[in-house]
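Work through the exercises below with the structure in view. Each task is followed by a solution in steps.

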Amino acid sequence: MSKKCDKDIINELLDLSRLNFTEEELEKLCKDIDEIRSLLNQVSSLSSLNVKPLYNVWDSELNPPYSVNIEKVNIYDLIPNERVAQNKIKIPWRGE
Amino acid sequence: MKETAVSILENIRKGSLEMEDYVFKKLELIRKKDNIINAYISIDSEDFILDRINEIKRNIASGKKMKIPGLVVSIKDNISTNFLPTTAGSKILENYIPPYNATVVEKILEEGGIIIGKTNLDEFAMGSTTEFSAYGLTRNPWDITRVPGGSSGGSAASLAYGSCDLSLGSDTGGSVRLPASYTATVGLKPTYGTVSRYGLIPYANSLEQISPMARSVKDLALIWDVIKGYDEKDATSVNNNYKSDNKFKICIPKEFIEESEPPIKSTIYKLLEKIENEGVAIEYEGKFENLKYALPTYYTIAFAEAASNLARYDGKLYPISSEGLSYKEMSENTRRYYFGFEVKKRILMGVLALSEGFINDYYIAATKGRRIIRDEILNMTKNCIVASSVSPILPPKIGERIKDPLKLYAMDIYTVVANLAGVPALAMPAGFYNNLPIGIQFMAGPFEEEKLISLGSLVEEITGLYNLIAGD
């Protein structure tokens with residue numbers, strides 16, 4: 001995506017997010033997106049950092065209180081075995 | 001100085017204050033002032049309130065022990081109530097009445113609180129000024145040409161003009177602390193997981209907490225005691241009996257104060273000097289290396305989670321719906337006409353951050369940033385309470401910040417860190433400049449809310465700035 005507002009990408013994002021904007025809104029949106037991306041781009045340098053992503057503050061490394069995660073559910077337990085075996089279920093990427 | 005919620009409670013318990021008189025005076029005040037301030041989206045009917053008062057009286061007569069009988073509470077309109085609409089400040093939830101109460105609402109009702117109404121907010125809590133509500137902006141009672149902060153600006157304003165004793169907001173990146181700072185009230189963002197989020201309309205689940213507000217730290221302790229605790233209905237709820245000690249040292253990473261406007265800096269440094277004179281050790285040489293990553297990390301994660309959470313508003317699950325020839329068209333039309341511009345923009349940015357080709361550079365990078373920020377804060381708060389500005393600027397004029405997204409987001413620079421790290425943070429009055437409130441923030445380690453409340457009580461004794469009502 002170019003630094004400037006790329007209409008093709010915007011249209012793709014609109015489609016993915018099931019959103020629509022008026023022409024006037026689209027103009028403002030383009031300007032705002034360029035500015036916001038300049039902010040978000042500042043995290044990009046962290047992508048090569050050699051640390052694990054942190055999705056929730058109660059990860060195991062914090063040594064959370066004894067009872068946190070007691071109710072943790074293994075999603076595979078909820079899915080019939082044959083569907084897992086046949087690769088019909090794709091567990092989202094966030095598992096480490 | 002007016003009576004505090006603590007003293008009102010004493011008078012109600014002694015029988016020297018008539019509950020009906022007290023609550024109906026609050027209603028009268030709302031009728032008089034709220035057409036200008038616009039702190040509330042909906043208010044209970046007199047009949048409903050009267051029924052509630054009678055119920056509380058019956059409970060008292062039967063010997064039931066309650067923690068806040070007769071105290072008037074306002075609730076942010078993204079917290080579900082089955083007796084008042086819950087709009088989250090959005091047209092897409094107009095007139096939506098949830099089929100259940102949030103756990104915190106049940107707890108307040110159980111303990112005798114009188115929920116007087118639902119307060120205004122930025123749509124789906126996305127904002128720092130309470131100007132993005134579909135139900136009109138909220139004005140700051142201290143200066144009606146200025147914003148009260150956001151997104152819990154309605155809750156803060158409802159306290160600041162005296163229409164209630166206690167309030168609930170929600171804090172995703174500073175949404176009770178910024179309004180507390182701008183309205184001379186107090187807001188506590190609790191440790192992640194200590195207050196149930198069941199019934200909170202989600203914006204960014206991994207960051208947000210339902211958060212108590214009041215006009216003094218002692219009053220805040222009352223409502224904190226009611227709402228905290230494990231809830232099996234919230235998978236992220238923490239069952240914890242941790243008690244913090246009340247020994248504290250304060251440290252000040254310069255980055256957390258130095259970039260603030262001069263009146264804010266000087267007010268905070270003067271207050272810290274007074275706190276030091278009371279015997280509290282203060283270390284001025286602290287450093288917070290990763291502050292520069294805080295805003296981009298926070299906003300990337302918040303946008304991504306918002307995009308996911310708000311996908312549910314498709315015209316099928318909730319009452320508001322537009323017409324369309326197909327599901328896609330119907331869904332697009334509903335979202336197009338009933339979401340505000342800021343919400344649509346954040347969803348779009350979230351979808352971008354999660355899209356193939358961008359996810360590593362945005363969302364995953366931000367979750368790594370979150371880890372280094374979290375770890376740095378945990379290390380720091382092991383040894384001390386971190387003091388900082390709440391906001392780098394004084395309460396802005398209406399319209400001043402919302403035109404430029406980066407200026408708007410920059411207001412949260414000192415507050416987002418506590419949400420990224422999951423630690424508790426307290427915002428409270430530090431002083432005034434040209435009649436505009438200035439707040440100070442204290443951030444502690446996980447589960448150290450009691451420590452923050454102790455320090456906050458000491459600070460309000462030093463400043464005398466508690467239970468302030470605008471216009472008095």
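**Exercise 1. Describe the sheet of chain B: its strand order, its edges and its twist.**

Step 1. Chain B holds an open sheet of 11 strands with mixed pairing, in the order S1-S3-S2-S4-S6-S5-S10-S11-S9-S7-S8. Strands are DSSP runs of E with at least two residues, helices are runs of H or I with at least four, and both are numbered from the N terminus. Two strands pair if DSSP finds at least two bridges between them.

Step 2. Strand S1 (40-43) and strand S8 (281-286) of chain B pair on one side only, which makes them the edge strands.

Step 3. On average, neighbouring strands of this sheet are turned by 30° against each other, direction ignored.

The model is predicted: local features need pLDDT of at least 70 and side-chain atom pairs count only at pLDDT 80 or more, while totals for chains, interfaces and linings use all residues. Residues are numbered from 1 along each chain as its sequence is written, chains are lettered from A and ligands numbered from 1 in the order in which they are written, and side-chain values use heavy atoms, with hydrogens and water left out.

**Exercise 2. Find the partners of S9(B) and state its burial.**

Step 1. Strand S7 (residues 249-253) of chain B pairs with S9(B) in the parallel sense over 2 bridges. Here Ile250(B) stands opposite Ile385(B).

Step 2. Strand S11 (residues 436-443) of chain B runs antiparallel to S9(B) and is joined to it by 4 bridges. Within S11(B), Gln441(B) is the bridge partner of Ser388(B), and Ile440(B) is that of Ser389(B).

Step 3. S9(B), residues 385-389, is mostly covered, with 5 of its 5 residues buried. Buried means under 20% relative accessible area, exposed over 50%, and partly exposed in between, with a 1.4 Å probe and protein chains only.

**Exercise 3. Which strands does helix H5 (residues 153-160) of chain B lie across?**

Step 1. H5(B) lies across S1, strand S2 (72-76), strand S3 (114-119), strand S4 (166-171) and strand S6 (209-214) of chain B.

Step 2. The helix runs at about 160° to S4(B). Axes are lines fitted to C-alpha atoms, for helices over the stretch in contact, and angles run from 0 to 180 degrees between N-to-C directions.

**Exercise 4. Analyse the packing of H7(B) on H15(B).**

Step 1. Helix H7 (residues 217-227) and helix H15 (residues 449-463) of chain B have axes 9 Å apart and pack at an angle of about 155°. The two helices are therefore roughly antiparallel to each other, a term for angles over 145 degrees.

Step 2. Val217(B), Leu220(B) and Trp224(B) are among the H7(B) residues in this contact, and the H15(B) residues that they and others meet include Ile453(B) and Gly456(B). Contact means heavy atoms within 4.5 Å.

Step 3. In H7(B), 8 of the 11 residues are buried, including Asp219(B) and Ile223(B).

Step 4. Gly229(B) follows H7(B) and has a positive phi, near 125°.

**Exercise 5. Summarise chain A.**

Step 1. Chain A has 3 helices and 0 strands, in the order α-α-α from the N terminus on.

Step 2. Of its 96 residues, 33% are buried.

Technical notes. Parallel < 35°, antiparallel > 145°, perpendicular 65-115°, else oblique.
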